[in-house]
Amino acid sequence: QECLFGMVCGVTEKFGGAIVECGVFPEQPAKMFDAASVPRPLSSLYPKLEPRARIYAALTEVVGALSSRSFRQQDSDSPMSISMGLIDSGFEASTVHEFLGRTQFKALWKASKGRSIGPAGKPMNEYRREPGDQVGWNWRIDARTTARGRFVSFDTLPWKSAVADALLAPPGSASAFYLPGSELRDNPLLISHLLSEYRTETMAVLSGRRVQEWRLRPDCKENHFWDCLVGCAVAASVSGLQWSAASAAGESVADGPRKPKLSMSARQAAKREAAKREAANGRN
């Protein structure tokens, strides 16, 4: 309610990548703090606005700045821009959807909401797909929704495990995910949030389904940057990138052979040849 946590990640076609930057809005004078008691809260930045209006104003400023920025790859002069952004709608969902309905950058951003599906639940990948639904690996955008607007729904448990495995992958692996190098020691809050949860494998008695469940450590209160990192991975998947075991193993996964495109004249000639063959077969 008093600050926004955000993160930008770069993701490769093999679903490896890195944290480009992360931060808190408003910018804070302290390196360690709790979201409930930030030194510089939104209420001090927008003292004449009520809480929901503050969040709307903050989203306007942050999303506008990120959507208009260019990022540069290491050892490359090619600028890159954000291709997909998610905004967690688990808190003040109506404000998030209203903002997304009005912003000029609506084509780049979607509302999202994560949920933990335990071993007794039905895996999201097995949900029925209705006409108009957009479906990916453990995420979906339902065409029919009772919410204010469509949003990305995803199962947090497999996504957290996938991101953790990418962080733990050996450097140089195709699908390895990297932290921001020497800057990491200057961001103890990021370290704290990335280490805020642990996983345990549980199994449903009746179905035998096994799931890695994630829980906050007893000595940790918040996990916002960890959630942001998982959200970035989901956003990459929604934008069209897919993890592949073959590509992660280092193989070049090429598309199947494509049929050459024919010009209009070539198609007409092919039709005439087909008609001649049919006529010949008829005479025979």
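Ala174 is partly exposed, with a relative accessible area of 24%. Three words describe such areas here: buried is under 20%, exposed is over 50%, and partly exposed is in between, with a 1.4 Å probe and protein chains only. This is a predicted model, in which local features need pLDDT of at least 70, side-chain atom pairs count only at pLDDT 80 or more, and totals for chains, interfaces and linings use all residues. Residues are numbered from 1 along each chain as its sequence is written, and side-chain values use heavy atoms, with hydrogens and water left out.

## Three loop residues

Ala174 sits in the loop between helix 4 (156-168) and strand 10 (177-178). Helices (H or I, at least four residues) and strands (E, at least two) are DSSP runs, numbered from the N terminus. Leaving aside neighbours within four places in sequence, Ala174 is in contact (heavy atoms within 4.5 Å) with Thr12, Lys14, Gly16, Ser247 and Ala248. Ala249 is 75 residues from Ala174 along the chain, and their C-alpha atoms are separated by 6.9 Å.

Ser89 is found in the loop between strand 5 (85-88) and helix 3. Ser89 is buried, with a relative accessible area of 6%. Not counting residues up to four places away in sequence, Ser89 touches Val96, His97, Ala111, Ser112 and Lys113.

Asn223 lies in the loop between strand 12 (210-216) and helix 6. With a relative accessible area of 13%, Asn223 is buried. Its contacts, not counting residues up to four places away in sequence, are Lys160, His193, Ser196, Glu197 and Leu216.

## Two helices

Helix 2 covers residues 51-68. Its 18 residues reach 26 Å from the first C-alpha to the last, close to the 26 Å expected at 1.5 Å a residue. The expected span is 1.5 Å times one less than the number of residues. Buried residues of helix 2 include Arg54, Ile55, Leu59 and Val63. Gly64, Leu66 and Ser67 are also among them.

Helix 6 has 15 residues. From first C-alpha to last, helix 6 reaches 21 Å, close to the 21 Å expected at 1.5 Å a residue. Helix 6 is mostly covered, with 13 of its 15 residues buried. After helix 6 comes Gly240, whose phi is positive, near 125°.

## The second largest pocket

The second largest pocket has a volume of about 460 Å³. On a 1 Å grid over the protein atoms alone, a pocket is an open set of points with protein on both sides within 12 Å along at least five of seven lines, and lining residues have an atom within 4 Å of a point. Grid points are joined across faces, edges and corners, and a volume is the space filled by probe spheres set on the points.

The lining has 18 residues. Phe15, Trp137, Trp159, Ala162 and Trp243 lie nearest the centre of the pocket. Helix 4 gives the most to this lining, with five residues. Helix 4 and helix 6 (224-238) each supply at least two. By type, the lining divides into 13 nonpolar, four polar and one charged. Ala, Val, Leu, Ile, Met, Phe, Trp, Tyr, Cys and Pro count as nonpolar, Asp, Glu, Lys and Arg as charged, and the others, Gly among them, as polar.

## Salt bridges

Side chains of opposite charge can pair when their charged atoms come close. The structure holds 13 salt bridges. A salt bridge is a side-chain nitrogen of Lys or Arg within 4 Å of a carboxyl oxygen of Asp or Glu. The table lists some of them.

| Acidic partner | Basic partner | N to O distance |
|---|---|---|
| Glu21 | Arg69 | 2.7 Å |
| Glu98 | Arg102 | 3.6 Å |
| Asp142 | Arg140 | 2.7 Å |

What does the pair of Glu21 and Arg69 tie together? Glu21 lies in strand 2 (residues 17-25) and Arg69 in the loop between helix 2 and strand 3 (71-72), so the pair ties together parts that are 48 residues apart in sequence. Glu21 is partly exposed at 32%, and Arg69 is partly exposed at 33%.

Glu98 and Arg102 both belong to helix 3 (residues 93-102). They are four residues apart, about one turn of the helix. Glu98 is partly exposed, with a relative accessible area of 32%, whereas Arg102 is exposed at 60%.

Asp142 is partly exposed at 29%, whereas Arg140 is buried at 4%. Salt bridges that share partners join Asp133, Arg140 and Asp142 into one network.

Definitions and conventions. 1 Å grid on protein atoms, 1.4 Å probe; cavity = no way out; pocket = protein on both sides within 12 Å on 5 of 7 lines; lining within 4 Å.
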